[in-house]
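Colleague: I am new to reading models of this kind, and I would like to understand how each label is earned. Could we go through some of them together, slowly?

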Amino acid sequence: MRAVIVAAFVAFALTMALTPLAAKLFRRLKAGQPIRTDGPQTHLAKAGTPTMGGVVFIFTTVLAYVAGHLVLMALPEEVDGVTFNRPTGFTATGIVLIGLFITCGFVGFIDDWLKIRRKHSGGISGKAKVLGLTIAATIFGLMAVYYTGSIDSRDFSETVATPFVSFTRDIEWLNVTEIGMVVLIVLLVNATANGVNLTDGLDGLATGASMMAFLAFMIIGFWEYRHWCGGAQPADNLCYDVRDPLEIALIAGAAAGAMFGFLWWNTSPAQIFMGDSGSLSLGALIAGLAFASKTILLLPILGALFVITTASVMIQVTSFKLTGRRVFRMSPIQHHFELAGWSEVTIVVRFWIIAGIGVAIALGFFFADFLRIAG
C-alpha cells in the first residue's frame, strides 16, 4: 500500500506544481482552446484558455508510476516468514496500461495541435480519431491477450486479459475467444475514450469524474492483490485470478493523484483545459483498468456519467435523423442544462454526484460478490 500512496502523492504534487507552468508556456505559444460558435454563448469567454493539459498529467502519472516501483524495490520481499509476491520491475500489465494511456493521449495531442494551428474547434476527423484509437487499442489488446511472458523477475503463464468476459471476475461460460476479446478491447477503449471526451465540456467535470473512477480501480486493484491467487490455480473462489493486481492499484492511484492535482487548476474558472490529449488518454486508461482487473461489465456502472453523456448524444442524433426533432436543447446533456439556465458550477457538482453514485454502486457490486462467496 505504501507504493500506491507514494505514487498518488508524487502524481498530485508534480501535477500541482507543473500545471500552472504548462499553462504559462502554452499561453506564450498561443496554444489556446478554440471555442465552438454554435455552443452555449457563455463559453465564448473561455476562448484562448490554454489547452493540452493532458500532456502534463500523462507525464506526471508515468513518473509517479516509476516512483511507486522504486518504493516496491526498496521494500523487503519477506517479513516474518511471509513472502510478498509483488513486482519489482515493470510488468506486462504496466506496459499495456501505460502504453494505452500514452498512445491514445498522442492521438488526442494531434487533434489538439490541429485545432490550435487552424484556430478552429475542428481537429482531426472523427474517422481519423477512431482509427488512431483503434490502432493503439489493437496493439496493446493483442499484447494483453497473447503475451504470457514476464518483463520483471517473476515467472507467469497468464496473460493480462483472458478470452472470458468479466463482471467482478471472469464469467467462465462467456468465452468470446482471444480474437473476440481483442475486438472487445478495441470497442471498449473507443467507447470509454469518446465517453470521457464528450463529458469534457465544462470546467472540472471530466477531471473530477475520472478521478472517482481511478480511485475505484485503486481500491479494486489493491483488494484483488490482498486476495490474490498469486499466479497459481485458485485454491478457492475467494482469491482473484488477475495478472498483476498491485500494478492496477499503482497505476490507478497515480492517475487519481494526478487528477486531484489537475483539478485545482481545471476547476471553474479553468486556467487550463485537458484537451483531447487528456480526455482520450483518460478514457483509454479507464477501459484498460477494467479489462486488466477483470471488471469489464462493471465498467458501465462505474462510469455511469460517461454512459449517460454518450447516450444523450446518440439519442439526439438518432431523433434528429429520424424525426427532424431534437430531444435536448443541445447535446451532450450538460449543455442542455446550461441552456436551461443552470450555472456551470451547479451542473458540474450535480454530475459529480451522479458519477459518485455510479462508482459507489459498482464498488457495492464488487464487494457484495466477495461477501457472497465468503458467506
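**How the labels are earned**

Modeller: Let us begin with Met52, which has a relative accessibility of 7% and therefore counts as buried, since buried means under 20%. Please keep in mind throughout that this is a predicted model.

Colleague: Where does Met52 lie, and what is its phi?

Modeller: Met52 sits in the loop between α1 (2-28) and α2 (54-74), and its phi is positive, at about 65°, although Met52 is not a glycine. Such a value deserves a remark because most residues other than glycine have a negative phi. Lys294 also has a positive phi, near 60°, and is likewise a residue other than glycine. Lys294 is placed in the loop between α8 and α9, and its relative accessibility of 7% is why it counts as buried.

Colleague: Why is Val183 called partly exposed?

Modeller: The relative accessibility of Val183 is 46%, and the term partly exposed covers what falls between the limit for buried, under 20%, and the limit for exposed, over 50%; therefore Val183 counts as partly exposed. Val183 belongs to helix α5 (residues 177-199), and its C-alpha atom is separated by 9.0 Å from that of Ala137, a residue 46 places away along the chain.

Colleague: Why does Asp369 count as buried?

Modeller: Asp369 has a relative accessible area of 12%, and because the cut-off is under 20%, the residue is called buried. Asp369 is part of helix α12 (residues 344-374), and it touches Thr168 and Arg169 when residues up to four places away in sequence are not counted. Cys104, with 0% relative accessibility, counts as buried by the same kind of reasoning.

Colleague: How do you know that Lys115 and Asp111 form a salt bridge?

Modeller: Their closest N and O atoms are 3.2 Å apart, and because the rule asks for a side-chain nitrogen of Lys or Arg within 4 Å of a carboxyl oxygen of Asp or Glu, the pair qualifies as a salt bridge. Both residues lie in helix α3 (residues 92-118), 4 residues apart, which is about one turn of the helix, and both are buried. By this rule the count comes to 8 salt bridges.

Colleague: Which other residues join Asp111 and Lys115 in a network of salt bridges?

Modeller: The network links Asp111 and Lys115 with Lys129 and Asp276. Asp276 pairs with Lys115, the closest N and O atoms being 3.7 Å apart; this pair links distant parts of the chain, with Asp276 in helix α8 (residues 275-292) and Lys115 in helix α3, 161 residues apart. Lys129 forms a salt bridge with Asp276 as well, at 2.9 Å between the closest N and O atoms. Lys129 lies in helix α4 (residues 126-146) and Asp276 in helix α8, so this pair ties together parts that are 147 residues apart in sequence. Lys129 and Asp276 are both buried.

Colleague: What makes Cys229 and Cys239 a disulfide, and why is it called right-handed?

Modeller: The S to S distance between Cys229 and Cys239 is 2.1 Å, and because a pair of cysteine sulfur atoms within 2.5 Å is what the term requires, the two are joined by a disulfide. The torsion about their S-S bond is about 85°, so the disulfide is right-handed. Both cysteines are buried, and a search of the whole structure finds 1 disulfide.

Colleague: What omega values go with the cis peptide bonds before Pro269 and Pro332?

Modeller: The bond from Ser268 to Pro269 is cis, with omega near -5°, and the bond from Ser331 to Pro332 is cis, with omega near 0°. Pro269 is in the loop between α7 and α8, while Pro332 is in the loop between α10 and α11 (333-339). These bonds are worth pointing out because most peptide bonds are trans.

Colleague: How many nonpolar, polar and charged residues are in the lining of the second largest pocket?

Modeller: That lining divides into 12 nonpolar, 4 polar and no charged residues. Altogether 16 residues line the pocket, and Leu188, Ala191, Thr192, Pro300 and Val307 lie nearest its centre. The largest share, 6 residues, comes from α5, and the space in the pocket is about 350 Å³.

Terms used
Residues numbered from 1 in each chain as written. Predicted model: local features only at pLDDT ≥ 70, side-chain atom pairs only at ≥ 80, totals over all residues. Heavy atoms only, no water. Helix = DSSP H or I, 4+ residues; strand = E, 2+ residues; numbered from the N terminus. Buried < 20%, exposed > 50% of the residue type's maximum accessible area, 1.4 Å probe, protein only. Contact = heavy atoms within 4.5 Å. 1 Å grid on protein atoms, 1.4 Å probe; cavity = no way out; pocket = protein on both sides within 12 Å on 5 of 7 lines; lining within 4 Å. Points joined across faces, edges and corners; volume = space filled by probe spheres on them. Nonpolar A, V, L, I, M, F, W, Y, C, P; charged D, E, K, R; others polar.
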